[in-house]
Amino acid sequence: MSSGSARTPKAKGEFEQLRDIFARLGSRAQGLGDDCALIPVGGTTLAVSIDCSLEGIHFRTDWLTFEEIGWRAAAAALSDLAADGAEPLGVLVSLGLPSPEPRTPSPDEEIMAGVAAAAQSVGAKVLGGDLVKSETYVVDVCVLGTARRPVRRAGAREGDGLWITGRLGGAALALAGFRAGTRPGGALGRRYARPEPRIAAGRWLAARGATAMLDVSDGLAADAGHLAAASGVGLEIALGRLPCWDGVAPLAAAASGEEFELLVTLPSTIGDTEAAAFRADVGLELTRIGACFRGAGVRLLEGNTPVALPAGYDHFAS
């Protein structure tokens with residue numbers, strides 16, 4: 001029996017909200033839920049994505065220079081092209097700025113210089129954008145690319161191997177330094193301030209038969225769940241196989257977001273020989289961390305013992 005008091009509706013998480021939006025759009029939308037929209041154009045496929053970086057959520061102006069803020073925002077968007085195995089063409093940027101500061105160069109110039117540098121690093125150009133006044137800094141980046149053989153999140157099959165590029169945990173380790181008031185230097189600082197979109201890696205993997213792929217932005221454990229759900233398979237991950245930054249425990253590495261490494265499933269025939277070729281061609285490690293099985297969800301194992309999955313980043317988590 002009701003007590004007569006009104007219950008506060010439970011807040012929806014980010015992905016629950018997205019599912020509701022997709023349902024509301026129905027047949028008026030198509031191909032939603034992947035890293036890029038894929039549009040056949042002539043003899044190729046146009047890959048398009050958009051990623052918004054907001055002050056106080058994705059960056060802080062007391063931690064990063066404005067040029068680093070621009071680079072980081074562009075790299076996050078370009079990483080979506082990497083996840084689909086696409087070659088970048090260019091970027092468009094909507095920039096929101098508080099009242100202009102009387103300084104030279106101005107923040108907007110520095111942000112866009114960072115955007116342009118990130119785009120240039122992968123062979124792309126700044127193609128246009130928009131400029132508005134806002135209460136905080138906003139850098140909204142749309143990326144365009146082409147893909148000969150686009151790879152989606154759906155496509156992993158039972159028996160496929162599960163692989164990861166590079167190392168994990170650096171972004172969280174750098175973030176901890178910033179929060180403690182110490183700016184990380186060297187490679188660790190660059191990992192956070194100037195992440196590298198894995199464009200060459202994505203194209204290499206797509207050309208070698210990748211069956212499903214995404215970039216690790218919400219954390220390995222959470223993003224593995226997205227790939228598993230899209231493909232209709234289960235994923236088993238061995239914690240002991242995770243390639244981690246020095247000083248980072250495997251479970252912390254599995255939770256670390258904004259890594260922008262590629263999580264990919266490959267046919268079971270792919271092994272150490274191909275991993276060595278990847279390292280020689282791309283300059284990164286490619287590590288098998290698990291496999292796909294018939295079923296659903298993600299199993300995280302320490303030896304043979306199941307481990308609770310760490311929560312991934314959710315913009316609307318309570």
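Before you click on anything, one term: a residue is called partly exposed when its relative accessible area falls between the buried range, under 20%, and the exposed range, over 50%. Keep in mind that this is a predicted model. Our tour follows its salt bridges, and the structure holds 15 of them.

**Stop one: D34 and R152.** Select this pair and show the side chains. They form a salt bridge, with the closest N and O atoms 2.9 Å apart. Now look at where each one sits: D34 is in the loop between α1 (14-25) and β1 (37-41), while R152 is in the loop between β5 (138-147) and β6 (161-165), so the pair ties together parts that are 118 residues apart in sequence. Is R152 buried or exposed? Neither: R152 has 25% relative accessibility, so this residue counts as partly exposed.

**Stop two: E236 and R299.** Pick these two next. Their side chains meet in a salt bridge, at 3.3 Å from N to O. Color the strands and you'll see that E236 belongs to β8 (residues 234-238) and R299 to β11 (residues 297-302), so to speak two distant parts of the chain, 63 residues apart, linked by this pair. E236 is partly exposed at 31% relative accessibility, and R299 is partly exposed too, at 42%.

**Stop three: R279 and E285.** Here's another salt bridge, with the closest N and O atoms 3.4 Å apart. R279 comes in at 39% relative accessibility and E285 at 38%, and both count as partly exposed.

**Last stop: a network.** Which residues should you select to see linked salt bridges? Choose R191, E196, R198, E259 and E261, which are joined in a network of salt bridges.

Notes
Residues are numbered from 1 along each chain as its sequence is written. This is a predicted model: local features need pLDDT of at least 70, side-chain atom pairs count only at pLDDT 80 or more; totals for chains, interfaces and linings use all residues. Side-chain values use heavy atoms; hydrogens and water are left out. A salt bridge is a side-chain nitrogen of Lys or Arg within 4 Å of a carboxyl oxygen of Asp or Glu. Helices (H or I, at least four residues) and strands (E, at least two) are DSSP runs, numbered from the N terminus. Buried means under 20% relative accessible area, exposed over 50%, partly exposed in between (1.4 Å probe, protein chains only).
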